[in-house]
Amino acid sequence: MDLGNFLSYIASGTLYTLGASLIALPAGLILGLLFALLYLYGGKVLSNLMAVYSTVMRGIPPIVLLFVLYFVVSGSVNLSPFLAGSISLGIISSAYQMEIIRGAIQCVSGGQLMAARAIGLSQTQAVREILLPQALRIALPSWSNEAAIVIKDSSLIYALGVPEILRRAQLISASTQQPFLAYSAAAIIYFALVFITTRLLGRLEQKLAIPANP
Amino acid sequence: MTEPILRIRNLTKKYADKVIFQHIDLEVKSGDTIVIIGPSGTGKSTLLRCINLLTRPNEGQIFLNGEEITAKGINEDHVRQRIGMVFQNFLLFNHLTALENVKLGLTKVRHMKAEEAEVKAISHLKRVGLSEHMDKYPGQLSGGQQQRVGIARALAMDPEIMLFDEPTSALDPELIGEVLEVMRDLSKSGMTMVVVTHEMGFAREVADSIIFMERGSIVEEGSPEELFEHAHFPRTREFLGKISELYGKKEKKGE
Amino acid sequence: MKKVLIFIISIILITTLLAACTQSGPASVLDKIKKDGKILVGTSADYPPYEFVDSAGQKTGFDIELMEEIGKKMGVTVEWVDMPFDSLIAAVKEGKIDISISCFNYDEDRAKEVGFSKAYFNSEDSFIANKDFTGKIEKPEDVAAYKLGVQSGTTQDTWIKENLIDKNLIKEENVQLYERVDQAALDLAAGRIDILMADYVPAKALLKANPGFQMLLHEAIASAGPLNIVLPLNDEKVKTEIDKAIDTLQTEGVIDQLAAKYFGE
């Protein structure tokens with residue numbers, strides 16, 4: 001049946017949506033972690049630089065940043081729209097993740113770091129062994145939120161011509177004049193992706209929770 | 001005369017223009033237990049944190065076993081490996097079990113193998129009476145238990161001197177006893193200790209020397225008998241009198 | 001003070017990034033095409049019957065099939081790149097795609113950014129409305145009395161701007177722009193706009209799909225007329241090649257065949 005074909009055409013965009021998210025989120029995490037540490041421990045110059053980066057990247061709508069990064073930056077390096085778009089999404093996400101991680105680190109009491117230094121751990125060791133394991137647990141709920149946002153924002157790469165879920169829904173809507181069906185299908189797929197992701201992260205949260213007496 | 005384990009010379013600490021303490025001179029002989037008493041906010045905790053270089057003094061010098069640790073170019077991490085500290089708020093690593101808390105310094109700082117470190121950690125936990133709780137997390141332990149783990153964690157590093165910053169101030173009264181008992185045994189076993197506390201019973205019983213600090217200076221220093229029976233300065237007598245009244249009652253009840 | 005510093009540095013960063021965009025392309029994109037054996041063609045496959053997707057998700061339509069024929073004449077395979085219509089011109093400019101076929105009309109402003117092939121087909125403009133629309137539209141300017149809808153970036157869009165808005169025949173807020181023509185059709189059906197201006201051929205397709213619509217007027221208005229393929233600016237070599245292919249296909253009757261297939265009444 002034609003409808004079934006159309007719907008599976010939309011669904012096959014999931015490959016691109018997932019791919020983009022699986023590139024953007026980890027990229028954003030690695031960069032965000034680095035930037036957060038530089039902001040907190042990198043000295044005055046680096047700290048200010050990171051503050052500017054965060055303010056600028058979070059102050060511009062993602063789609064605008066996407067165009068700037070795609071048409072301007074990748075003008076010299078010829079990347080596919082998918083890669084350029086995914087990496088750009090990662091760069092955008094890194095600013096938000098930097099704030100999440102920074103906030104989480106600052107939630108960990110200063111005493112933890114002090115006790116770590118007191119037994120002779122270096123600053124690097126203290127951050128790695130004591131601060132980060134606690135901070136990342138604190139950051140998980142917010143991070144789960146960011147993961148959902150990245151999956152949904154991945155739809156923005158439609159503007160670069162990547163045949164992901166939204167673009168496919170648009171094409172089917174134009175071809176069949178059945179916008180409700182096309183966009184509902186897209187909505188359901190996005191919802192499923194986000195739902196599964198947040199559930200999995202919720203389980204991770206439970207697994208990592210530190211036991212305590214109520 | 002043998003070099004004292006700790007020598008503090010003319011130490012001064014300021015925050016902006018506020019003086020925390022000034023011109024502090026202090027010596028601690030090996031195996032001695034020094035108790036520092038005095039009203040809150042007189043710089044006692046800050047003084048302890050200067051000794052293990054968590055805070056830097058503005059003026060003065062500190063010598064650990066004859067070596068000046070306040071000199072330029074000193075590796076602070078190495079110094080801290082030789083000094084143990086126990087905190088008022090225990091400050092156990094929340095994401096690690098009691099055993100892992102004690103093991104961490106051994107594996108990451110002393111670079112021991114995991115099995116070796118575990119054996120040593122367990123023995124220290126036994127020493128403070130907590131071996132059955134070694135797989136529990138700080139959130140599952142009482143305050144007294146947490147503090148004893150804190151002591152084991154510091155001891156496991158084989159420090160040359162142990163610093164205690166009001167170790168029982170954050171504990172419920174029923175739990176103070178178990179911690180003081182560990183500290184008493186430690187003192188008896190010959191560990192050099194500097195203890196900031198309000199526990200007068202402990203000071204009287206265990207200290208080799210008591211120092212009374214007020215408003216950033218050492219007012220008086222002497223043996224427990226000297227200070228408790230015939231203190232030189234009226235301020236000392238006043239403070240001891242008030243405190244003994246408050247805390248001495250516990251002593252009568254047999255702690 | 002810190003806020004001012006952040007603002008200034010942000011502006012510097014952004015302008016530096018934007019300035020870094022310099023135009024530097026190969027002598028002719030045709031050399032690259034022949035070398036790779038394939039041509040990257042951009043299109044916005046949301047515009048039946050010129051370019052759209054079938055139930056298998058394959059691109060199809062008048063422009064699509066025509067380009068496949070041109071590719072055969074050039075001896076290269078066609079690799080399609082789909083993207084929103086507004087992005088196509090920039091994509092050719094930046095070299096992300098080699099050329100673009102997507103129901104483009106020649107337009108002076110566009111000609112400053114990109115080049116054009118010769119015409120491969122002639123189109124008209126049209127105005128459609130709901131069947132219950134009772135206004136009298138005898139000439140194009142008559143539509144200025146109503147709420148209009150048009151796809152943004154099209155020559156129809158430009159025509160409305162230059163002939164209606166700039167001449168104060170209609171207020172700007174009475175003209176609604178859409179990313180795609182099927183979005184505009186939805187609003188037309190809902191009554192949010194009164195008249196939709198679009199290319200004649202897709203407008204007929206909309207009429208077929210929406211029995212509630214009627215055709216008010218269609219003719220070759222100033223903006224409409226020939227459809228051209230978009231090429232890189234000042235690239236004579238590739239223009240010659242493509243124009244040659246178009247001529248051949250015209251002579252062979254292929255273009256007429258495709259027109260009958262996709263536009264047949």
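Start by selecting Ser21(A): buried or exposed? Ser21(A) counts as buried because its relative accessible area is 5%, under the 20% cut-off. Keep in mind as you click around that this is a predicted model.

Ser21(A) sits in helix H2 of chain A, which covers residues 14–41. Now show what surrounds this serine. Leaving aside residues up to four places away in sequence, Ser21(A) touches Pro26(A), Val150(A), Ile151(A) and Ser154(A). For a sense of scale, draw a distance from Ser21(A) to Ala95(A): these residues are 74 positions apart along the chain, and their C-alpha atoms are separated by 16 Å.

**Zoom out to chain A**

Colour chain A by secondary structure. You should find 9 helices and 0 strands, so to speak an α-α-α-α-α-α-α-α-α pattern when read along the sequence. Along the principal axes, the C-alpha atoms of chain A fill a box of roughly 70 × 50 × 25 Å. Of its 214 residues, 50% count as buried. If you switch on contacts, look at those with a separation of 6 or more: in chain A, 78% of them involve residues 24 or more positions apart. Turn on the surface too; chain A exposes about 9,500 Å², and carbon and sulfur atoms supply 69% of that.

**Into the nonpolar core**

Next, select Leu6(B), Ile8(B), Ile151(B), Met162(B), Phe164(B), Met183(B) and Val194(B). These are the residues with the most contacts inside the largest nonpolar core, a set of 127 residues. Which helix gives the most to this core? Go back to chain A and pick helix H7, residues 123–153, which contributes 11 residues. As background, nonpolar side chains tend to be buried together in soluble globular proteins.

Stay with Met162(B) for a moment and display its neighbours. Not counting residues up to four places away in sequence, Met162(B) touches a stretch made of Met191(B), Thr192(B), Met193(B) and Val194(B). Met162(B) also touches Gly84(B) and Val86(B), along with Ile151(B), Ala154(B), Leu155(B) and Leu186(B).

There is a second, separate core of 48 residues. To find this one, move to chain C and select Cys103(C), Ile193(C), Leu196(C) and Ile255(C), which are included in it.

**Around chain C**

While you are there, show chain C as a cartoon: it has 10 helices and 12 strands. Of the 265 residues in chain C, 53% count as buried. Its accessible surface comes to about 12,400 Å², with 53% belonging to carbon and sulfur atoms. Among the chain C contacts with a separation of 6 or more, residues 24 or more positions apart account for 74%.

Now pick out two helices of chain C: H3 (residues 62–74) and H9 (residues 236–251). They pack at an angle of about 110°, with their axes 9 Å apart. That makes H3(C) roughly perpendicular to H9(C), and their crossing is right-handed. Show side chains where the helices meet. From H3(C) you will see Leu66(C), Glu69(C), Ile70(C), Lys73(C) and Met74(C). Facing them from H9(C) are Glu241(C), Ile242(C), Ala245(C), Ile246(C), Thr248(C) and Leu249(C).

**Last stop: between the chains**

Finally, colour by chain. Which chains share the most contacts? Of the 2 pairs that touch, chains A and C have the most. Chains B and C, by contrast, have no contact joining them, and their closest C-alpha atoms lie 23 Å apart.

Terms used
Residues are numbered from 1 along each chain as its sequence is written. Chains are lettered from A and ligands numbered from 1 in the order in which they are written. This is a predicted model: local features need pLDDT of at least 70, side-chain atom pairs count only at pLDDT 80 or more; totals for chains, interfaces and linings use all residues. Side-chain values use heavy atoms; hydrogens and water are left out. Helices (H or I, at least four residues) and strands (E, at least two) are DSSP runs, numbered from the N terminus. Buried means under 20% relative accessible area, exposed over 50%, partly exposed in between (1.4 Å probe, protein chains only). Contact means heavy atoms within 4.5 Å. Accessible areas come from the Shrake-Rupley method with a 1.4 Å probe; for residues, only the protein chains shown count as cover. A nonpolar core is a set of buried Ala, Val, Leu, Ile, Met, Phe, Trp, Tyr and Cys residues joined through side-chain atoms within 4.5 Å. Axes are lines fitted to C-alpha atoms, for helices over the stretch in contact, and angles run from 0 to 180 degrees between N-to-C directions. Angles under 35 degrees count as roughly parallel, over 145 as roughly antiparallel, 65 to 115 as roughly perpendicular and the rest as oblique. A crossing is left-handed if the near helix is turned anticlockwise from the far one by less than a right angle, and right-handed if clockwise.
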